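Reader: I'd like to go through the ring contacts and the internal voids of this one with you. Could you show me the structure before we start?

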Amino acid sequence: MKVAIVGIGIHKFGRTPGVSGRAQGAAAARSALADAGVEWRDMQFAFGGSYAAGDADSLVSDLGLTGLQFINVANGCATGGSALISSCSAIASGRYDLGIAIGFDKHESGAFNMDPSTLGIGPWYGETGLMLTTQFFAMKIQRYMHLHGITEKTLAAVAAKAYANGAMNPNAWRHEGHDAAAVAAARMISHPLTQYMFCSPGEGAVALVLCRADKARQYTSTPVYIAGAELRSRRFGSFEVFNPWLSPESAPGPTVEAARATFEAAGIGPSDLDVAQIQDTESGAEIMHMAETGLCVDGEQEKLILTGATAIGGEMPINTDGGCLANGEPIGASGLRQVYENVLQLRGDAGPRQVPGKPKTGFTHVYGAPGISACTVVSR
């Protein structure tokens, strides 16, 4: 049973004082329902996730006590992608015809504060500062740059592109533009990554209404179909966040395997894509994930980025809405934000950041601790 997205809704990302994360989730859900021309009582199921703003199923208090199946999802930064994949599975099984995936969050300012014991790691890991993801990402991109000849100017270019795209996105957090020079000159956080090369924990919400593909035209004249959606966790030997050791045995990371499985399910390859949204927790992540998802080979990123190939008008547009760098990272919502953006692009409704040439196929990738990756391919 194939699945279609027939309604999308978003609550602006960033900071919204006085508005709870749950209220933001409810606003996104109402918007998605209105977009599909349905009501909450029509929903047969919901999957939703939030890391810091309460259980997602509490949204029924705002949206309606209809008795539907509502399952909470928690998978780190891959929470939104996990909610979507769970929703697709519910429909593909033949059990349900119509449902909704919701993600929202409201984080405090500053870096995420996590307890290593919840990940099966001893207290020494936090005491030595390794629970700071800024340090992990810096070490990982240092290693990658050394192995594949990527320079610091490419890190700055990735962030500058994100802020330029975010400035055209009314739902993004960061609307101020920072050119590559300003990004490079910003305060150093963890070498070689400066302040403007990192995203920030934030707020926001996204909801998607999904249905059986053969019923999609009942709800919208512009359905977008899910051609593939896969999630993978880490294998022994892969180098992942919150992993306290490196093995002499190497293994493909979860992003590599999730992307391959998604393209196989969709029956296409990376060269068939018209637009892509990939995890950019910091500038280095976008660079590494470009190769891990198959969009290019290791070491090719510098040329592609510096020549504009990944810009909105380029041959391989990436993170057209500004990505995490410009939108911030509300954990529950980020994976669904990527899909929301691709639906806009495939509908031709992305406004000034619209990819030219009437894109037909979009890809998303989200990565979460401690080594979980979810990918989708959507088409019109």
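Reader: Okay, let's start with charges and rings: which residue lies over the face of Trp 173, and at what distance from the ring centre?
Author: This is a predicted model, and in it Arg 174 lies over the face of Trp 173, at 3.8 Å from the ring centre.

Reader: And what sits over the ring of Tyr 367?
Author: Over that ring sits the charged end of Lys 140, which is 5.8 Å from the centre of Tyr 367.

Reader: Switching to ring pairs, how many aromatic pairs turn up in the whole structure?
Author: A search of the whole structure gives eight aromatic pairs. One of them joins Phe 45 and Phe 47, whose ring centres are 5.8 Å apart and whose planes meet at 65°, so that pair counts as edge-to-face.

Reader: Are those two buried or exposed?
Author: Phe 45 and Phe 47 are both buried.

Reader: What about the pair of Phe 45 and Tyr 96, how are those rings arranged?
Author: The centres of Phe 45 and Tyr 96 are 5.2 Å apart with the planes at 50°, so this pair is tilted. Phe 45 belongs to strand β2 (residues 45-49), while Tyr 96 is in the loop between α3 (79-92) and β4 (98-106), so the pair ties together parts that are 51 residues apart in sequence. Both Phe 45 and Tyr 96 are buried, and ring pairs link Phe 45, Phe 47 and Tyr 96 into a cluster.

Reader: Now the voids: how many cavities of 30 Å³ or more are there?
Author: There are two cavities of 30 Å³ or more; the largest has a volume of about 60 Å³, and the second largest has about 40 Å³.

Reader: Which residues line the largest one?
Author: Its lining consists of Phe 136, Phe 137, Lys 140, Glu 282, Ala 285, Met 288, His 289 and Tyr 367, so to speak of Lys 140 and Tyr 367 again, they are the residues of the charge-over-ring contact. Helices α5 (133-148) and α9 (283-292) each supply at least two residues of this lining, which by class has five nonpolar, one polar and two charged residues.

Reader: And what is the class make-up around the second largest cavity?
Author: That lining has two nonpolar, three polar and four charged residues, including Asp 321, Arg 337, Glu 341 and Arg 353. Helix α12 (residues 334-347) gives the largest share of the lining, three residues.

Key. Residues numbered from 1 in each chain as written. Predicted model: local features only at pLDDT ≥ 70, side-chain atom pairs only at ≥ 80, totals over all residues. Heavy atoms only, no water. Phe/Tyr/Trp six-rings, centres within 6.5 Å; stacked < 30°, edge-to-face > 60°. Buried < 20%, exposed > 50% of the residue type's maximum accessible area, 1.4 Å probe, protein only. Helix = DSSP H or I, 4+ residues; strand = E, 2+ residues; numbered from the N terminus. Lys NZ or Arg CZ within 6 Å of the ring centre and 35° of its normal. 1 Å grid on protein atoms, 1.4 Å probe; cavity = no way out; pocket = protein on both sides within 12 Å on 5 of 7 lines; lining within 4 Å. Points joined across faces, edges and corners; volume = space filled by probe spheres on them. Nonpolar A, V, L, I, M, F, W, Y, C, P; charged D, E, K, R; others polar.
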